[in-house]
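Open your viewer and get ready to select a few residues at a time. At each stop, this tour tells you what to pick and what you will find there.

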Amino acid sequence: MPRQYVYPDDVKLPLIEEEVLEEWTRNDTFKKSLKLSEGRPHYTFYDGPPFATGLPHYGHILAGTIKDVVTRYAHQTGHHVERRFGWDTHGLPVEFEVDKTLGIKGPADVHKMGIANYNKECRAIVMRYATEWRITIERLGRWIDFDNDYKTLYPTFMESVWWVFSELVKKDLVYRGVKVMPFSTGCSTPLSNFEAGQNYKDVADPAAFVAFQLVENPNRRLVAWTTTPWTLPSNLALCVHPDLDYVAVKEPGSDVELVVLESAAKSLFKKGTKITTVEKFKGSTLKDKKYIPLFDYFKSQDVGQFYRVLNGTFVTTDQGTGVVHQAPYFGEIDYTTCLENGVITKNMKVVCPVDEKGLFTSEVTDYEGQYVKDADKKILKDLKDRGLLVKQEQVNHSYPYCWRSDTPLLYKAVPSWFINVQSFVPQLLKNNEQTFWVPSFVKDKRFANWLRDARDWAVSRNRFWGTPINLWVSEDFEEIVCPGSIAELEELTGEKITDLHRESIDHLTIPSRKGKGTLKRVSEVFDCWFESGSMPYASQHYPFEDRVKFEENFPADFIAEGIDQTRGWFYTLLVLSTALFDKPPFKNLICNGLILAGDGAKMSKSKKNYPDPLEVVGKHGADALRLYLINSPAVRGDNLKFSEDGVKEVVKTVFLPWYNAYRFFLQGVRLYEDEHQTDFVINVDGIENTMDKWILSFTNSLVKFVRAEMNQYHLYAVVAPLMKYFEALTNAYIRLNRKRLTRKAVPGDDKGQADRKAGLSTLGHVLVIITRLMAPFTPFFCEFLWKNLKLVSETADESIHFAMIPEVETDLIDTDVERRVSAMRSVIDIVRVLREHKSITARYPLHEVVVVNRSQQFLDDVASLEEYIRLESNVKKVTVSSDKEKYGVLLKADPDFKLIGKRLGGNSKVVGAYLRNKVTQAELEEVLDKGTVNIEGHDVTAEEVRVVYTVDPARLTQKGHWEPKADSQSVVLLNTEVDDDLLKEGLAREIVARVQGLRKDAGMFPLTPATAYVTFVTPNSTLAEVLNSNLQSVESLTNTKLVLGLPEGAKVKHSNKSNVKEDELELAFLEV
């Protein structure tokens, strides 16, 4: 039975993709691919888990596309690639949504309703948008296993998290301490430092100059500057720089002396105020002087160490007064400074009168119950009333906000469990060096700098919905037990355990082995970043299942996420893998930039400043969006301003020419099979035609390039050449070979038919190669094309995604042919531009094109393909020459003044002026020959001065109307003079084009003979004369008999009417 090739006239990408998606679902194609790849070497990929409490956006789509391209490519280069989707189901994002819904204001409300009930509400919403996620991801063509996913709430996942932590405890990397941390009062929990850095805002805060009276002389007052007046009730010390100059100053008539940095003295007073310097001294003289506290709320805790002046070199001169107020439990530097100077001790009662909602506690009686930021005004008013507020201003600065609740963060002392990251920073840096990042600057600069300054990681959160920290402790914290598994906890407690959330284990106790009664679990849960950092182990339930499989495939071969994860997931992965195994967690990483709205602003749902992703897919197709994103700056770590027009342009420049080439090939195959009554099979053995050799070589060179770049994870380098390939295929190969590929079969033309088959085989072969090569990038379109291509390539692969990425056919790479065709194409391109400039279409022949080039190799290459240039450019003669003078060709200097100026400095002006006005042709020839020339005593390189070609019309002695144009290597001159013979030849081509246009409009197959009627042609015109004299030729070229005039009573079915020069031509097909 003859083959049936199905291909529509017009390609509608979204409809094609939906059909392919249905086919994949119906045939379970993804799972089949995994089954087929079993037994191959593993390629390990980790998917960072998103929250399903929000919908996917362009950032997710970009990262997901990168992941899909790389893992598809790995599969199609002979690997088995497990791809499991993961979900982050614990932590603040979930709790915040529940708190909003239920009106939860703080932990007390949770305890009132019960942790079990609260967690039940959390569990109910964690997968709120899971269906939408799956629909979106699958519509984008990403292959990943949703059915065999991992969730951080699975007991198996949580158990592995426990194992990770227990290993850190065994390594003595876990400790309990008080640490000043970013604290979200909106979510009532501390945040990690990398969470705190995710949402800075420019805000206006009060800037207060506050006076502290010295005990030895209450009239001498140290003036501290602060933007957090709410911390003043907790002040325990002041700090000055020991080596800087301080002064005591006063206004005339005042006994009050104000002590500040000498450079800051004038800032305390109104402009023009005359002040007297009472004394000047170094900051070291102030050390240990006692002062009267502003508030006496914590005076009872003082054992003689509070309220004194300290020295510290961290004090700066760029802002403030040089006197820094110290509230050690509300600032990291304050805490360290006061601890080092004995103001506080690690085991003393903390001075932190602010609760988890940011309200003052009863310890601060005057402001009890007030939100600290709101209390600023009242505190400053009280100080002003007491004569202790010297001055008040406002300061605009960048301040951290909670990334989830969008409320200001406070820095606050929190009892927490920490991982001692600082103890293994050298190992972190060493393991980072073993990884490969794209782009590399993110690894070498941003990430490495973050690692060098790594702080101990507070992994505990005072929350409810998360993996509980697996520590059972005595009341004095001197006995600690850390079970690393469910089985171990069951053995220690004697209870059967099926779930590890708080409501299931908080009541469990462990008998003390040291006579301390019973051990109870600490109340905290793990930071969700600790869970995601444990993902490599917990998603596999390591070490409880498939231990060997995990260990043989760790570290992962590849991960990818956005650049914001340098302080998030990338960091936590590296910290835990280094702590556990002293290994990096991955080998290769692609770090993408951010996607912004078209105007450069952040994408915002409320502003509606970006198109919905699924709407873009519905209009242009997922493959077009994928290619647009992969070819964008975002894959190099830069930001992308999203443009739907960019997606549309991809359809125009890639998919339409690609499909046209594919359809042309299938039409040719169908013609061949109809004429020869045999199935067409691609066979490129013994190819002799130059253009066939070129496209085979050009295609395999591309395969070689793509393989090399993909091995380096340079997706951004791969897509542009792939996209340009189709321009070469359609505008060079097919255009120049159209006649031979559609040559009709006639008796005795065996040689012509063999050439026809060779050309069709060549075109089919490269289409198969490029479609297989593009499959990871454009999975839908390639699958669609494969339905017909697999027939002529005689492959058993049901899906193109079962086929391998093509190997390089090195025997088909011919660099000489590629060089020759490159020279030919450059000439053809210039002729095309010259024709456009003169508005002379390619249908009208011209007398001559002249190519001038100083390279004999180039001229020989052009001459060797003269016939193609003559036919494609539609010129009667092609002339090549190196004689510049004959054709008025001159060399001209194009200096790069930036490069010259950078190297030569002041001498660049002299050199530049010479190159612009005095340089000789001989000197420019020297640049071309030797790559350098001496100008005014300075050697100038070819990099610094580009030599370009120009034409002086006055020197051109050839007859005709010559239009010149140059590129970087040649000058092309086109004789645009048209005589009567050339005009008539062009008009004959115009008639052929109109007949073929009519056939196309009628949807007619090329092999089908037809009869068209010339219903009108301008009488006595040149066009009418050309029609009569070329009638037989037009009929042969179009497979259409032409009849002059319309039969009486005939009914027209299809017609077209057009102007040809000044004349008119109307053609028609009749109803049968």
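Which residues in H23 meet which residues in H25? Keep in mind, as you look, that this is a predicted model.

**Stop 1: two helices side by side**

Select residues 690-711 for helix H23 and residues 750-774 for helix H25. Now show the side chains where they touch. On the H23 side you should pick Asp692, Ile695, Leu696, Thr699, Asn700, Leu702, Val703 and Val706. Their partners in H25 are Ala758, Gly759, Thr762, His765, Val766, Ile769, Ile770 and Leu773. Colour this contact by residue class and you get 10 nonpolar, 5 polar and 1 charged residues.

Next, turn the view to compare the directions of the helices. The two axes come within 10 Å and cross at roughly 10 degrees. Angles under 35 degrees count as roughly parallel, and H23 and H25 are therefore roughly parallel to each other.

Before you leave, select Tyr713, in the loop between H23 and helix H24 (715-741). Its phi is near 60 degrees, which is a positive value in a residue other than glycine.

**Stop 2: two helices that cross**

Now select residues 622-630, helix H21, together with residues 644-676, helix H22. How many degrees is the angle at which H21 and H22 pack? The angle is about 105 degrees, and the axes are 9 Å apart. That makes H21 roughly perpendicular to H22.

To see the contact itself, show Asp623, Ala624, Leu625, Leu627 and Tyr628 of H21. Then add Gly646, Val647, Val650, Val651, Val654 and Phe655 of H22. The residues of this contact divide into 9 nonpolar, 1 polar and 1 charged.

**Stop 3: the largest cavity**

Time to look for empty space. How many cavities of 30 Å³ or more does a search of the whole structure find? The search finds 3, and the largest has a volume of about 240 Å³.

Select Thr44, Phe45, Tyr46, Glu82 and Gln540 to find the place: of the 17 residues that line this cavity, these lie nearest its centre. Two elements give two or more residues to the lining, helix H17 (535-538) and helix H18 (547-552). By class, the lining of the largest cavity has 7 nonpolar, 6 polar and 4 charged residues.

**Stop 4: the second largest cavity**

Move on to the second largest cavity, which holds about 100 Å³ of space. Pick Gly91, Leu92, Arg461, Phe526 and Cys528, the closest to its centre among the 13 lining residues. Helix H4 (92-102) and strand S22 (525-526) are the elements that give two or more residues to this lining. Here the classes are 5 nonpolar, 3 polar and 5 charged.

**Stop 5: backbone details around H17 and H18**

Go to the loop between H17 and H18 and select Pro543. A cis peptide bond joins Tyr542 to Pro543, with omega about 0 degrees. In the loop between H17 and H18 you can also select Asp546. Asp546 is a residue other than glycine with a positive phi, near 45 degrees.

Then follow the chain to Pro555, in the loop between H18 and strand S23 (556-562). The peptide bond from Phe554 to Pro555 is cis, and its omega is near 5 degrees.

**Stop 6: a pair of rings**

For the last stop, turn to aromatic side chains, where the count comes to 58 aromatic pairs. Select one of them, Tyr175 and Phe418: the rings are stacked, 5.2 Å centre to centre, with 20 degrees between the planes. Tyr175 lies in strand S3 (residues 174-184) and Phe418 in strand S14 (residues 409-419), so this pair ties together parts that are 243 residues apart in sequence.

Key: Residues numbered from 1 in each chain as written. Predicted model: local features only at pLDDT ≥ 70, side-chain atom pairs only at ≥ 80, totals over all residues. Heavy atoms only, no water. Axes fitted to C-alpha atoms, helices over the stretch in contact; angles between N-to-C directions. Helix = DSSP H or I, 4+ residues; strand = E, 2+ residues; numbered from the N terminus. Parallel < 35°, antiparallel > 145°, perpendicular 65-115°, else oblique. Contact = heavy atoms within 4.5 Å. Nonpolar A, V, L, I, M, F, W, Y, C, P; charged D, E, K, R; others polar. 1 Å grid on protein atoms, 1.4 Å probe; cavity = no way out; pocket = protein on both sides within 12 Å on 5 of 7 lines; lining within 4 Å. Points joined across faces, edges and corners; volume = space filled by probe spheres on them. Phe/Tyr/Trp six-rings, centres within 6.5 Å; stacked < 30°, edge-to-face > 60°.
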